[in-house]
Amino acid sequence: MKYLKLAELYESLSATTKRLEKIEILSKFLKEVNESDREILYLLLGDIYPEYNEKKIGISSQLAIKAISKSTGTAKEKVVKEWKSIGDLGKVAEKLTKNKRQSTLQSNKSLSTEKVLENMKKLPELEGKGTVDKKISLITELLASASPIEALYLTRTLIGDLRIGIQESTIREAMNKAFFKGEASEKIQDAINKTNDLAVVFDLARKGDEKDLGKLHLEIGKPIKVMLAEKAKTIKEGFETVGKPCAIEYKYDGFRLLIHKKGEKVFLFTRRLENVTKQFPEVIDYIKKYVKGDSFILDSEAVGFDKKTKEYKPFQSVSQRIKRKYDIEKIKNELPIEINVFDILYYEGKSLLHEPFKKRTELIRKLIENHPYKIIHSKQIITDDEKKAEAFYKQALKDRQEGVMMKNLDAPYEPGRRVGNMLKIKPEERDLDLVITGGEYGTGKRSGWVSSFILSCYADGKYLEIGKVGTGFKEKEEEGVSFKGLTEKIKPLITEEKGKNVKIKPKIVVSVTYQEIQKSPTYSSGFALRFPRFTALRPDKSPSEATTLKEVEKDFEKQKRNWLYG
Ligand code: AMP
């Protein structure tokens, strides 16, 4: 397909904010996409591979600036100047391409989506000496034959900031409309859940036969999205939502780990779908020794503990194990973890996603041989008695865990969804997981670093600002997260720069405590945090798993009630 056609689609999608209109436009477009162009489905979300593939385009604004400068024959300083005044690097590429066209009257060598994918796929493969130059030439090749509107969307795709307001669910509904007269939403979602691959689902969906969709299965070694929990304030409210009796489990303060096994092969994934198998060799041992079965997928929480006192430690103390690529043996001994298994999604060739939780949790108890400080099934009671539930909750807190989870016994496992069938209850809600979406460079002793970070919560595919944080950081990197350290992390994610202010791609999640939530017209969420303080990076969470606007509203209401009724 001509890339121009895709760029025009992007343009019409961004021209409306109405979801139904977007679905209509997209469904018409999808009817014209043939089988060999199925990877266009990735491009619709600004990607080149399915979500679980760890290869990402990953081009920084700085690199894109160099390529724009080269492809349009504009001095780099001029590109930067335009960027600072326009803000959006895509728009800069569009403008400069237009200028070039007018001066050279160059005809458009037509760009295809195949060529775009081919060059973009080479980007994450490059390593070693000369990488930067090679990347620039791959990008320049694309930009040089692009028309202004193509240059706009190529640039935005490269820096990971497409801005067309499309989510996976919009694509699902567009497929539904295009091929099933709007009647197969659930079936399509189920196929997406199992494969996590829109192109594969599209391939079958375009034939218009629901039965085909049912042929897709979970695969060992291919991570799927985890089910997420909603919040409840009290045990009583929890029972009202999930029903009686329900399962109540300890809510462990660690990080989520998805465990896949087939024969001798074990794969470990985080909730962000990153493959972390190499980082946790001991877990592979535990799985082979203490879990019965040839093939399965388990959902679990890995919790750190002190190797001498055996006391559980909070998430921050073991978070470094997730990204650690060297000295694995050493850190394994220093920061041991225990695996708490709380769900099973697949067993001996069969998906269990649609089985009721009661059946799944019973199976876990049959399969796992408990070995404390190695692997156990999560501590659980099944009850309809509020007093027993309260006592269990108190015990969880005494045992230094975060709180409890309450689970509906009849509920299926819904990947990627935040569901009311699984609730989390923690005593103090005064901490939020927010996404960094902007920042401001500091002055004086902090000049050169971003010293104030704009925080956003999540709402239906968008990130809405809720405040700024500049405290809780350390002066020196050895002591924790410093301004310098965090500035370096966000630099490649900068999408706009105006004066001291920068906009940042929503990628980094941080935990923040605060004293109070206030209504505020200053921020797009309508709320502001009083005295926010940074407490930890959350590399285990993806931005769409950040605290939602709905949760902020609930916390605000709860706070109001607390003032009124003490
Ligand atoms: P939160 O991170 O505050 O949204 O809480 C939900 C998270 O709690 C899940 O994503 C898991 O990582 C974690 N968790 C800890 N214990 C359990 C449990 N027994 N069942 C489900 N999730 C748990």
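There are 14 aromatic pairs in this structure. The model is a predicted one. Two of the pairs are described here, followed by charges over rings.

**A tilted pair**

Tyr-250 and Phe-392 make a tilted aromatic pair. Their ring centres are 5.2 Å apart, with 50° between the planes. Tyr-250 belongs to strand β2, residues 246-251. Phe-392 belongs to helix α19, residues 386-398. The two parts are 142 residues apart in sequence, so the pair ties them together. Tyr-250 is buried, and Phe-392 is buried too.

**A stacked pair**

Phe-473 and Phe-534 have ring centres 4.5 Å apart. Their planes meet at 20°, so this pair counts as stacked. The cut-off for stacking is under 30 degrees. Phe-473 sits in the loop between β14 (462-469) and α20 (483-490). Phe-534 sits in strand β20, residues 533-537. The pair therefore links distant parts of the chain, 61 residues apart. Both Phe-473 and Phe-534 are buried.

Which residues form one aromatic cluster with Phe-473 and Phe-534? Phe-453 and Phe-483 join them in that cluster.

**Charges over rings**

Aromatic rings also meet charged side chains here. The table gives two cases.

| Charged residue | Ring | Distance to ring centre |
|---|---|---|
| Lys-244 | Phe-239 | 5.2 Å |
| Arg-538 | Phe-315 | 3.9 Å |

Lys-244 lies over the face of Phe-239. For Arg-538, the charged end sits over the ring of Phe-315.

Technical notes
Residues numbered from 1 in each chain as written. Predicted model: local features only at pLDDT ≥ 70, side-chain atom pairs only at ≥ 80, totals over all residues. Heavy atoms only, no water. Phe/Tyr/Trp six-rings, centres within 6.5 Å; stacked < 30°, edge-to-face > 60°. Helix = DSSP H or I, 4+ residues; strand = E, 2+ residues; numbered from the N terminus. Buried < 20%, exposed > 50% of the residue type's maximum accessible area, 1.4 Å probe, protein only. Lys NZ or Arg CZ within 6 Å of the ring centre and 35° of its normal.
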